[in-house]
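Let's take a walk through this structure, starting with a single residue and working outwards to the whole chain.

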Amino acid sequence: MDALPPLSPGPLGRLEEIAHRLAWLQRRERPEVTRKRLLLFAGSHGATPDAEGVTPGEHTARRVLSFMEGGEAVNIVARKGGIGLRLVDVGVDAALPVLDETCYVERRIRPRGFGGRLTPVERAAAMEAGREQVRAASGDGIHLLGVGRLGVGGAEVAFTLVGQLGLVPASKPVAPLAALERSGGHELAAIAGAVLEAWVQRIPVVLDGFSATAGAAAAFALEPRAQEVCFFAHTSVEPRHAPLLEALQAQALFDLALGSEEGVGAALAIHLMELAARVRAEGG
């Protein structure tokens, strides 16, 4: 990929920076952000029921069904911004009814009831599930992708991953593929695959929250230039997110004290980036 040309500071600050990077990635003077899609990779972790006897997998399945009914906050934000949604089930450990809507993709990489580390085959399958979605987006002419995760138990898995990568806390890293396997994060491996394919396809990607940033960090460890296509939506209330961004020398677009890891921040950032692109394209 060619180097990003320098940009002189202007009165619109980071809005100009966003538009400048979009124009560079799209290889056009006036960037376009009219076709937008948000990918949510769904997975659950842990098997211990809560006080009401509901397992993490069952909690996650309820969120998936609520999402499919349009009842989650990300559904509302996406509808208002004309953002297409795809939920990719790579590891929800619960029974789901048959879902044939176009926004649901089933790519479960292991049988129900299996947890713990990923095998190399499972990790590769999860990464391919992410790559597959980005290739599909490229084929559909998508200008901007958002990436997030949906599910219970993912924050600790993400923390395990960034620890294995030697980022938070700073330590000696293990190989990135081994880190993904040891973390057991099937959805994080899918995010890593999506980011790597976005770099190949030169599609800008907005990362939502701590878990998405952790998955992307594994991609950066494999291919450092993959960070060139990534925008970091927000700094979440997860206390390990800000140190992770610092370790990656990355700056989030905003901080709204969001606790949600389920795409809301990425959807809001897509709105912001579309406006930045329009200012550049229409303002001359």
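**From one histidine to the whole fold**

His143 is buried, as its relative accessible area is 8%, and anything under 20% counts as buried. Keep in mind that this is a predicted model. Where does His143 sit? You'll find it in the loop between α4 (120-139) and β4 (144-150). As for its company, leave out residues up to four places away in sequence and His143 still touches Gln26, Glu32, Val33, Thr34, Arg35, Ile203 and Pro204.

Now have a look at helix α7, which covers residues 186-201. With 16 residues at 1.5 Å each, α7 should span 22 Å, and its end C-alpha atoms are indeed 22 Å apart, so the two agree. Of those 16 residues, 14 are buried, so the rest of the structure largely encloses α7. Right after α7 comes Arg202, with a positive phi near 60°.

Time to zoom out. The protein chain has 10 helices and 6 strands. Its radius of gyration is 18 Å, close to the 19 Å that the globule rule gives for 284 residues, so the chain is as compact as a globular protein of that length. Along its principal axes, the C-alpha trace spans about 60 × 45 × 35 Å.

Inside, buried residues make up 55% of the 284 in the chain. Among contacts with a separation of 6 or more, 71% are between residues 24 or more positions apart.

On the outside, the chain exposes about 12,100 Å², with carbon and sulfur atoms supplying 55% of that. As for charge, there are 29 positive and 33 negative side chains, and the centres of the two sets lie 4 Å apart.

Conventions. Residues numbered from 1 in each chain as written. Predicted model: local features only at pLDDT ≥ 70, side-chain atom pairs only at ≥ 80, totals over all residues. Heavy atoms only, no water. Helix = DSSP H or I, 4+ residues; strand = E, 2+ residues; numbered from the N terminus. Expected span 1.5 Å × (residues − 1). Buried < 20%, exposed > 50% of the residue type's maximum accessible area, 1.4 Å probe, protein only. Contact = heavy atoms within 4.5 Å. Rg over C-alpha atoms; globule rule 2.2 N^0.38 Å. Areas by Shrake-Rupley, 256 points an atom, 1.4 Å probe, with all protein chains shown as cover. Lys, Arg positive; Asp, Glu negative; His and termini not counted. Charge placed at Lys NZ, Arg CZ, Asp CG, Glu CD.
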